[in-house]
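Here are my notes for a first look at this structure. Please keep the 3D view open while you read the points.

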Amino acid sequence: MTHLGTSKKEIDTILVLDFGSQYTQLIARRIRESNVYSEILPWDIKEEKIRSINPKGIILSGGPDSVTNSYTPRIPQIVFDLEIPILGICYGMQTLAEQMGGQVISADHKEFGHSELQITKDCVLFDGLQKNLNVWMSHGDQVQDLPDDFELVASTATAPIAVMQHETKPIFALQFHPEVTHTEDGQNVLDNYLFKVCKAQKDWKMNDLITQRIEEIKNQVQDNKVLLGLSGGVDSSVTAALLHQAIGNKLVCVFVDNGLLRKGEAEEVMNTFKENMSLNVIKSDSEEVFLRHLKGVTDPEQKRKIIGRTFIDVFDSEATKIKNIHFLAQGTIYPDVIESSGSESKEARVIKSHHNVGGLPDEMEMDLVEPLRDLFKDEVRRMGVELGLSAEMLNRHPFPGPGLGVRILGEITKEKTNVLKEADYIFIQELIKADLYNKVSQAFAVYLPIKSVGVVGDERRYAEVIGLRAVETVDFMTARWAHLPYEFLEHVSNRIVNEIEEVSRVVYDISSKPPATIEWE
Ligand code: XMP
């Protein structure tokens, strides 16, 4: 079970008891956003553990089970015995209702999505908020009869008992999810619980998290060496900086230069980590191996597989040269955990930077160190800032594991890679200069192996095409092509054609996702 670690300092702690919801980490995240320390523990944790953290309040998360079945998770008695504020959310509400004498039924149809909440009774959780809120629901069961000594606070069209509170004790329950951003004023509802009900202090900061994580890493790895695959992306960079603070040169980073990185990227990674931060980084110059394995391959999925497999081979052979390594660190962040939990095994561990291609060979038998496993991307960025990483590195657009390999359509060669690197560099530099880089979510150039005719000076040029792609998106699941100014595109196009002999034409991609994907392959 992931949790935020144990704090030595006596700071106010909110305990989140996890009943298995996909949103449990979001609850913890919202509490962190309000500068309060929180800890997630499984619902069946030992009583002593709950006592030992001395929580100011307990939140019962949602969960996938139905309380109408027997043998589904229940709230341990200790939660009631402590006589501290309780907030049940979704499944947390249902089991609370059931255990306190109310009745829960399986509704005729599942409710998923927006719903209008009508607040009919004063309740401290909604202090300062309107009487109607647009909330996010995701449930099959619902409370049919209030438990003894509870009163109704709010309803929706399909859930007559959508919020309830105890008449005298600080016990509240919500059928909707205040932790998701789709719920209007959700953070305010949680803040009212934290500050008005639990009277928690805002005494927790990102730096405390760094201190805790450093302590946890030290405890986990002791005097052993830790291996990390450093890609230069945000997650592996922050993991490296954090581990370096924790264990210094016992962290050994392997940076594989596969030749498919952006122009200057390999040098930047080495400069930042080896020269400036004095990390122990081994660079593996493997461009030739990758190109050899990719020779003649044109199918995109095949290319991904080969790049992934070659990465593992190279990483593995570097790793076996280092003696006595017992731990493998990975920059896994929470969205990766959610993504991979749908696969055949929840414990399927994969190499993060190439998560589409597989893992390390079993015989390496290393324990995993994943200090960012419960954090969200923006939290990782904030941690990176505190750890002294540069804003450019932390705010970089995402870059796919297979790199330029999926941005050169068809067969990959060194010549094409060089052309693409130059074109991409011009595009990105101009975006930065025009203050547009941070206004788009991802931008890059694509190499299109189509010959087209151009005229440069008095000469006819029969050469290839560069596509430019820039998108705006929040989650990368859907995306809109970025409406970059014509003058800007004209300038970039002129520079590319004038400065790169091998290119005769530049086109701008005006396809949104769906139906097009962001990458071209
Ligand atoms: P698509 O092209 O699927 O891309 O719309 C969505 C996001 O995922 C990135 N992407 C990848 N990342 N390995 C990765 O690590 C891959 O094989 C891969 N393919 C796409 C893409 O850059 C975009 O941010």
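1. Start at glutamate 519. An N or O atom of the glutamate 519 side chain lies 2.5 Å from an oxygen atom of the ligand. Keep in mind that this is a predicted model. How much of the ligand's accessible area does the protein cover? The ligand has 490 Å² on its own, and the protein covers 79% of that.

2. Next, look at two other polar contacts of the ligand. Lysine 513 brings a side-chain N or O atom to 2.6 Å from a ligand oxygen. Glycine 401 uses its backbone instead: an N or O atom there is 3.0 Å from an oxygen atom of the ligand.

3. Now take the whole shell. Twelve residues surround the ligand, and those that come nearest are Arg304, Gln442, Lys513, Ile518 and Glu519. By class, the shell holds four nonpolar, five polar and three charged residues.

4. Lysine 513 deserves a second visit. Its peptide bond to proline 514 is cis, with omega about -15°. Proline 514 is then joined to proline 515 by a cis peptide bond, with omega about 5°. Where does proline 514 lie? Proline 514 sits in the segment after strand 18 (503-508). Proline 515 is also placed in the segment after strand 18. Such bonds are worth pointing out because most peptide bonds are trans.

5. Check one backbone angle elsewhere. Aspartate 149 is not a glycine, yet its phi is positive, at about 65°. Most residues other than glycine have a negative phi. Aspartate 149 belongs to the loop between strand 6 and strand 7 (150-155).

6. Move on to the sheet of nine strands. The sheet is open, its pairing is mixed, and the strand order reads 2-1-3-4-9-8-7-5-6. Which strands form its edges? They are strand 2 (37-42) and strand 6 (132-145), each pairing on one side only. Ignoring direction, neighbouring strands of this sheet are turned by 20° against each other on average.

7. One pair from that sheet is easy to trace. Strand 8 (residues 163-166) and strand 9 (residues 171-174) run antiparallel, paired over three bridges. Within this pair, valine 163 faces leucine 174 of strand 9. A helix packs on the sheet too: helix 5 (residues 186-197) touches strand 1 (13-18), strand 3 (57-60), strand 4 (86-89) and strand 9. The direction of helix 5 makes about 155° with that of strand 3.

8. Then turn to the sheet of five strands. This open sheet has parallel pairing and the order 12-11-10-13-14. Strand 12 (280-285) and strand 14 (367-369) are the edge strands, and each pairs on one side only. The twist from one strand to the next averages 30°.

9. Inside the five-stranded sheet, follow strand 10 (residues 225-229) and strand 13 (residues 325-329). They pair in the parallel sense over four bridges. Which residue stands opposite leucine 227? Leucine 328 in strand 13 does.

10. Finish with two helices that lie across strands of this sheet. Helix 6 (residues 206-221) crosses strand 10, strand 13 and strand 14, and runs at about 170° to strand 14. Helix 7 (residues 234-247) lies across strand 10, strand 11 (251-257), strand 13 and strand 14. Relative to strand 10, helix 7 runs at about 165°.

How values were computed. Residues numbered from 1 in each chain as written. Predicted model: local features only at pLDDT ≥ 70, side-chain atom pairs only at ≥ 80, totals over all residues. Heavy atoms only, no water. Near = heavy atom within 4 Å. Polar contact = N/O pair within 3.5 Å; in protein donor to acceptor, adjacent residues only side chain to side chain. Areas by Shrake-Rupley, 256 points an atom, 1.4 Å probe, with all protein chains shown as cover. Nonpolar A, V, L, I, M, F, W, Y, C, P; charged D, E, K, R; others polar. Pairing = 2+ DSSP bridges. Axes fitted to C-alpha atoms, helices over the stretch in contact; angles between N-to-C directions. Contact = heavy atoms within 4.5 Å.
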